[in-house]
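Good morning, colleagues. Please bring up the sequence and the model, and I shall go through the fold, its interior and a few individual residues.

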Amino acid sequence: SKYVDPVSGNEVVQLTSTRKWNVHPTYHVNGFLDDQRIVFAAEAEGATNIYVCSLVAGEITQLTAGIGTSYLLAYLAGERGDGRGTDAFHIVAGYSSHAVYFVEGDELRTVNADTLEEESLYRIGPEWVCGVLELSGDEQTVLLPLLPRECFNTRGDLAEFLRRTDRLALSSRLVGVSVGDGRSQVLWEDAGRFIGHAAFSPVSDRLVLCERATDPDRRDEPLLWLLKLEDEEAIPFPTRNPKTGHSVWLPDGTGVVTHGMVVDGGREHGAEYIQILNLDTSTRWIGYHGPPRYYGHCHTTPDGQTIIVDGVFAPDQITAVTPHGDGYFTEPICVHGTDSSGGQRAHAHPHVSPNGEWLVFGSLRGGRKDLFAVRVKGLAKDEELTRFNPLRRAFHRDCKHGQEGIGRVFRQPVQPDAISFLFHAHLAISAHTLADTTRFFSHANLNVGPCHRIAAM
């Protein structure tokens, strides 16, 4: 079925309406088999199966018959299911090969989406629990982040698993498995680190972006790292908050995109940031928005010029953010209508297709998780983009709170001093200070180039 989005006016296509928990891969993992088909997992008849959906025709094909209703990692995190099957965060698609790789039970398996031929590639072993799967850019190596099962031998949530790994110096591994013959190699091993997310560079299988998580109370310990496998070197990214949020590679492999919440007590305290970092760890660009801060994920367009977020600017809206000089443009794509409190599989996780034509997202609207798609190529026009001026400081007196604030830049032609806006995290933000016209952003001095529209995707 199709409908018109109430915010952007874009046409949105509902891809699924049956089965339970229709979920596509997580934010940094490719789920596209080509430019018109996406892989997803769903529960049916007591098992989690893998399916492929045509974005054009709407046809859905079942690829596997599952043996359980969730993978162990999701099960341990409190998700429903028996912990014996697979799930959407343990599948990755080969865009060129049309192969789907997935973990089920203690096996890494593969199925061809065209022929439905299925085979086992690798046995993980009982002492390990697999994190989020990834695939190298040349589609020759599957990356398995393996977590020590012992770290889960405790009651509690993810934070407790991290503390246990840190406290007991338990080791995580990154294992590369050849898709041709199933041969494996330990690429990295780390004591005291919980590595659940790791991704090869799009252009090199010798560079890995990963989260080397530790006890959450070690707040100054960086979360995001670059692993240089050849040199056996781990380099921390100096993200705006050391415990940054979800992160992805730029498509050309020249840097990474991350976002999170500012907590250091400075003038941006409480705001959400979006940051682009180069491989030498320098900041290419940073932009701010808020408060309030909304949870979310990020993805990028194929040209790397536009960042797609599902929760930074509104709790239920997918927004395109295009850096421009020391500011940015925004364009609403659609309302996703899901609740971020429902666990990772309830989240939107927006994905742009490799040719930039489609954006696929999930939604828990109506009490069930389904997949939706919207065409994004050619949507935006110059006059529809929100334009931002360079940041200017204009101190004012907020009459209600009696506090001094910082004037930010708003949508033209409104002037910064025309709207009072208190930027202090410990104070309540009233409705009149969060008018729809408010946006605020970067004070970085780096120029990223001319504005790019959604039409350029």
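Of the contacts in the protein chain with a separation of 6 or more, 50% are between residues 24 or more positions apart. Please bear in mind throughout that this is a predicted model. The secondary structure of the chain amounts to two helices and 32 strands. The chain has 457 residues, and 57% of them are buried. Its exposed surface comes to about 18400 Å², with 47% of that supplied by carbon and sulfur atoms.

Let me turn to the interior. The largest nonpolar core contains 33 residues. Those with the most contacts inside this core are Y101, L108, I124, L133 and L144. Which elements supply at least two residues each to this core? Both α1, residues 72-76, and α2, residues 158-167, do so. They are joined by the strands β8 (99-104), β10, β11 (128-130), β13 (141-148) and β14 (171-178). The most is given by β13, which provides four residues.

Apart from this core lies another one, of 17 residues. L63, A93, F102 and A346 are among its members.

I return briefly to I124, one of the residues with the most contacts inside the largest core. With neighbours within four places in sequence set aside, I124 is in contact with Y71, V103, D106, C130, L144 and L146. L144, just named, is likewise listed among the residues with the most contacts in that core.

Next, one of the sheets. Four strands make up an open sheet, in the order β24-β25-β26-β27, with antiparallel pairing. Which strands stand at its edges? They are β24, residues 298-300, and β27, residues 327-335. Each of these two has a single partner strand, so one side of each is left without a neighbour in the sheet. Ignoring direction, neighbouring strands here are turned by 25° against each other on average. Within the sheet, β25 (residues 307-309) pairs with β26 (residues 317-324) in the antiparallel sense, over three bridges. In that pairing, I308 stands opposite A320 of β26.

Now to backbone geometry. Most residues other than glycine have a negative phi. Two residues deserve a look in this respect. R19, although not a glycine, has a positive phi of about 65°. R19 is located in the loop between β2 (11-14) and β3 (20-23). Is R19 buried, partly exposed or exposed? Its relative accessibility is 21%, and R19 therefore counts as partly exposed; the limit for buried is under 20%.

The other residue is L116, again not a glycine, with a positive phi near 65°. L116 belongs to the loop between β9 (107-112) and β10 (118-123). Because its relative accessibility is 42%, L116 also counts as partly exposed.

My last residue is D370, in strand β30, residues 370-375. D370 counts as buried because its relative accessibility is 3%. What joins the side chains of D370 and N22? It is a polar contact of 3.1 Å. Neighbours within four places in sequence aside, D370 is in contact with Q14, T16, S17, T18 and N22, and also with F361, G362 and S363. N22 itself falls within the residue range of β3, 20-23.

That concludes the tour, and I welcome your comments.

Technical notes. Residues numbered from 1 in each chain as written. Predicted model: local features only at pLDDT ≥ 70, side-chain atom pairs only at ≥ 80, totals over all residues. Heavy atoms only, no water. Buried < 20%, exposed > 50% of the residue type's maximum accessible area, 1.4 Å probe, protein only. Core = buried A, V, L, I, M, F, W, Y, C linked by side-chain atoms within 4.5 Å. Contact = heavy atoms within 4.5 Å. Pairing = 2+ DSSP bridges. Axes fitted to C-alpha atoms, helices over the stretch in contact; angles between N-to-C directions. Areas by Shrake-Rupley, 256 points an atom, 1.4 Å probe, with all protein chains shown as cover. Polar contact = N/O pair within 3.5 Å; in protein donor to acceptor, adjacent residues only side chain to side chain.
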